[in-house]
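Work through these exercises with the sequence and the model side by side. Try each task before you read its solution.

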Amino acid sequence: MNLSQASQQRLDLLAQDSGKRVLLPCPLNQRAFDFSSNDYLCLAQRADIVEAGHECAKKYGAGATGSRLLSGNLDCFEQLESQVAQFKNAEAALVFSSGYQANASGLAALLDKSLWGGVVGGTEPLVFTDRLNHASLHHACQLAGVKQIRFRHNDMAHLTELLDKHTESRQPKIIVSETVFGMEGDLLPVEQLAEIALQHNAVVYLDEAHATGIWGPEGRGLGAMQHPAIDALKTLGHWVIMGTFSKAVGVSGAYIACSEIFKQYLVNRCTGFVYSTAPSPFVIGAVGKALEIIPGLNKERGMLHTAADTLRNQVHKLGFDTGLSNTHIVPLVVGSNNACLELKTHLQQAGIRTSAVRPPTVPPNAARVRLALNTGHTLTVYEQLLHALASWKVGT
Ligand SMILES: Cc1ncc(COP(=O)(O)O)c(C=O)c1O
């Protein structure tokens with residue numbers, strides 16, 4: 001069998017269960033009715049952010065020309081990292097080209113047993129992970145060769161029970177979770193998790209991809225909250241927060257906010273940082289501007305949260321199941337892949353773009369149409385969405 005035949009066979013298998021993915025065009029003029037975009041604050045098209053990107057590119061060039069450890073360490077990166085650290089209320093920050101890269105390589109570096117065992121040998125950490133963590137977090141665990149100890153989604157009692165089982169262990173303990181779950185649209189009880197981590201002397205690694213810009217004080221993420229347990233973990237250097245610039249920030253790339261010493265460790269040992277060209281200066285300029293703007297958008301964030309509450313109430317009345325959602329991400333959980341594709345197509349025909357999210361991105365039989373709300377959605381758009389949803393439910 002050659003590669004083309006093997007690929008075709010694999011694609012046919014995926015298609016059998018309506019699980020095959022295809023790339024579709026995303027015309028700019030249909031953004032108003034788009035519930036598939038993660039541009040929650042509609043910053044991607046904002047003129048002053050695009051302009052700031054241009055200005056930075058004009059000054060520093062279109063590309064960084066190399067890894068930060070070689071030719072790429074332009075001063076705009078260090079400026080942005082100071083800005084991110086301040087934004088996140090952290091000691092230091094390190095910037096990456098994508099969120100996937102930051103997680104896959106940054107978390108893998110944190111889990112690397114050579115970090116924990118001193119000069120001889122090494123000690124494999126005990127890694128406690130939420131069952132519904134993003135693929136990039138799983139990838140990091142695989143890359144580091146650690147076995148995940150999975151706790152039930154957002155179940156802090158289960159996490160505590162699992163940690164308690166290892167009280168006697170001298171292995172380091174690391175807890176990994178998202179703060180806003182991208183496919184469920186629910187919130188991690190961050191303060192409770194911080195208290196549990198402190199009691200068990202565990203390091204916390206949080207992914208704020210969907211929280212950055214929308215949740216926490218002035219949209220700085222839930223990891224930026226002030227709380228005695230969080231402050232104590234920060235003092236220990238046990239509070240490591242990753243987030244992306246690709247969603248509410250409206251650009252691309254990611255950060256890890258952490259202690260200065262852990263940043264220096266990542267600069268040396270994080271493969272996605274060491275062996276990858278630094279992000280484009282355009283990205284750096286645009287992100288810097290977006291981070292200046294975001295704290296001032298409390299009114300927009302408030303409106304987004306109200307719109308999400310209203311939408312959930314209305315779709316519940318139509319008989320839809322929104323799962324655990326209590327954020328600006330509202331999944332319509334329909335179960336089978338077929339039903340999910342049918343609903344997505346139905347909405348598409350009504351001019352509304354959504355994402356069909358199917359296993360393995362979500363658990364088996366939990367396929368869903370994901371509605372990502374943004375500040376550009378008007379009342380007319382919501383009315384059109386509800387009208388289309390009502391007619392689908394009636395027809396099934
Ligand atoms: C929770 C989470 N983490 C990380 C990522 C990856 O971020 P990026 O798209 O910037 O690579 C995503 C993107 O879907 C995500 O949802």
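## Exercise 1: Two asparagines

Asparagine 89 is partly exposed, at a relative accessible area of 34%. Keep in mind that this model is predicted.

**Task.** Find where asparagine 89 and asparagine 154 lie, and decide whether asparagine 154 is buried or exposed.

**Solution.**
Step 1. Place asparagine 89. The loop between α3 (75–87) and β1 (92–96) holds asparagine 89.
Step 2. Check its backbone. Phi of asparagine 89 is near 60°, a positive value in a residue that is not glycine.
Step 3. Place asparagine 154. The loop between β3 and α7 (156–164) holds asparagine 154. Its phi is also positive, near 60°.
Step 4. Apply the cut-off. Buried means under 20% relative accessible area. Asparagine 154 has 16%, so asparagine 154 is buried.

## Exercise 2: A strand and its partners

**Task.** Work out how many residues of strand β5 (residues 202–207) are buried, and what that says about its surroundings.

**Solution.**
Step 1. Look at one side of the strand. Ala202, Val204 and Leu206 point one way from β5.
Step 2. Look at the other side. Val203, Tyr205 and Asp207 point the other way. This fits a general pattern. In a regular strand, side chains alternate between the two faces of the sheet.
Step 3. Judge burial. Six of the six residues of β5 are buried, so β5 is largely enclosed by the rest of the structure.

**Task.** Name the strands that pair with β5, and say whether they run parallel or antiparallel to β5.

**Solution.**
Step 1. Take β4 (residues 173–178). Six bridges join β4 to β5, and the two strands run parallel. Lysine 173 stands opposite alanine 202 here.
Step 2. Take β6 (residues 239–244). Four bridges pair β6 with β5, again in the parallel sense. Tyrosine 205 of β5 faces valine 240 of β6.
Step 3. Trace the connection. β4, helix α8 (residues 190–199) and β5 form a β-α-β unit, and the unit is right-handed.

## Exercise 3: A helix and a glutamine

**Task.** Find which residues of helix α6 (residues 135–144) are buried, and what they pack against.

**Solution.**
Step 1. List the buried residues. In α6 these are Ser136, Leu137, His138, Ala140 and Cys141.
Step 2. List the partners. The buried residues of α6 pack against α4 (99–111), β2 (126–130), β3 (148–151), β4 and β5.
Step 3. See what follows the helix. Glycine 145 comes after α6, with a positive phi near 70°.

**Task.** Which side chains make polar contacts with the side chain of glutamine 148?

**Solution.**
Step 1. Locate the residue. Glutamine 148 is part of strand β3.
Step 2. Check burial. Its relative accessibility is 17%, so glutamine 148 counts as buried.
Step 3. Find the polar contacts. The side chain of glutamine 148 reaches the side chain of threonine 129 at 2.7 Å. It also contacts the side chain of histidine 138, at 3.0 Å.
Step 4. Add the other contacts. Leaving out residues up to four places away in sequence, glutamine 148 touches Val127, Thr129, His138 and Cys141.

## Exercise 4: Around the ligand

**Task.** Which of the 13 residues around the ligand come nearest?

**Solution.**
Step 1. Name the nearest. They are Gly99, Asp207, His210, Ser246 and Lys247.
Step 2. See which element gives most. The largest share of the shell, three residues, comes from α4.
Step 3. Check the distances to ligand oxygen atoms. A backbone N or O atom of glycine 99 lies 2.9 Å from one. For a polar side-chain atom of histidine 210, the distance is 2.7 Å. For a side-chain N or O atom of serine 246, the distance is 2.8 Å.
Step 4. Judge the cover. Taken alone the ligand exposes 390 Å², and the protein buries 83% of that.

## Exercise 5: An arginine and a proline

**Task.** Decide whether arginine 312 is buried or exposed, and list what it touches.

**Solution.**
Step 1. Locate it. Arginine 312 sits in helix α13 (residues 298–317).
Step 2. Check burial. Relative accessibility is 8%, so arginine 312 counts as buried.
Step 3. List the contacts. Leaving out residues up to four places away in sequence, arginine 312 touches Thr322, Ser325, Asn326, Thr327 and Val330.

**Task.** Which two residues does a cis peptide bond join?

**Solution.**
Step 1. Find the bond. It joins proline 359 and proline 360, with omega about 10°.
Step 2. Place it. Proline 360 lies in the loop between β9 (355–357) and β10 (367–372).

Note on methods
Residues numbered from 1 in each chain as written. Predicted model: local features only at pLDDT ≥ 70, side-chain atom pairs only at ≥ 80, totals over all residues. Heavy atoms only, no water. Buried < 20%, exposed > 50% of the residue type's maximum accessible area, 1.4 Å probe, protein only. Pairing = 2+ DSSP bridges. Right-handed = clockwise from strand over helix to strand, strands pointing away. Contact = heavy atoms within 4.5 Å. Near = heavy atom within 4 Å. Polar contact = N/O pair within 3.5 Å; in protein donor to acceptor, adjacent residues only side chain to side chain. Areas by Shrake-Rupley, 256 points an atom, 1.4 Å probe, with all protein chains shown as cover.
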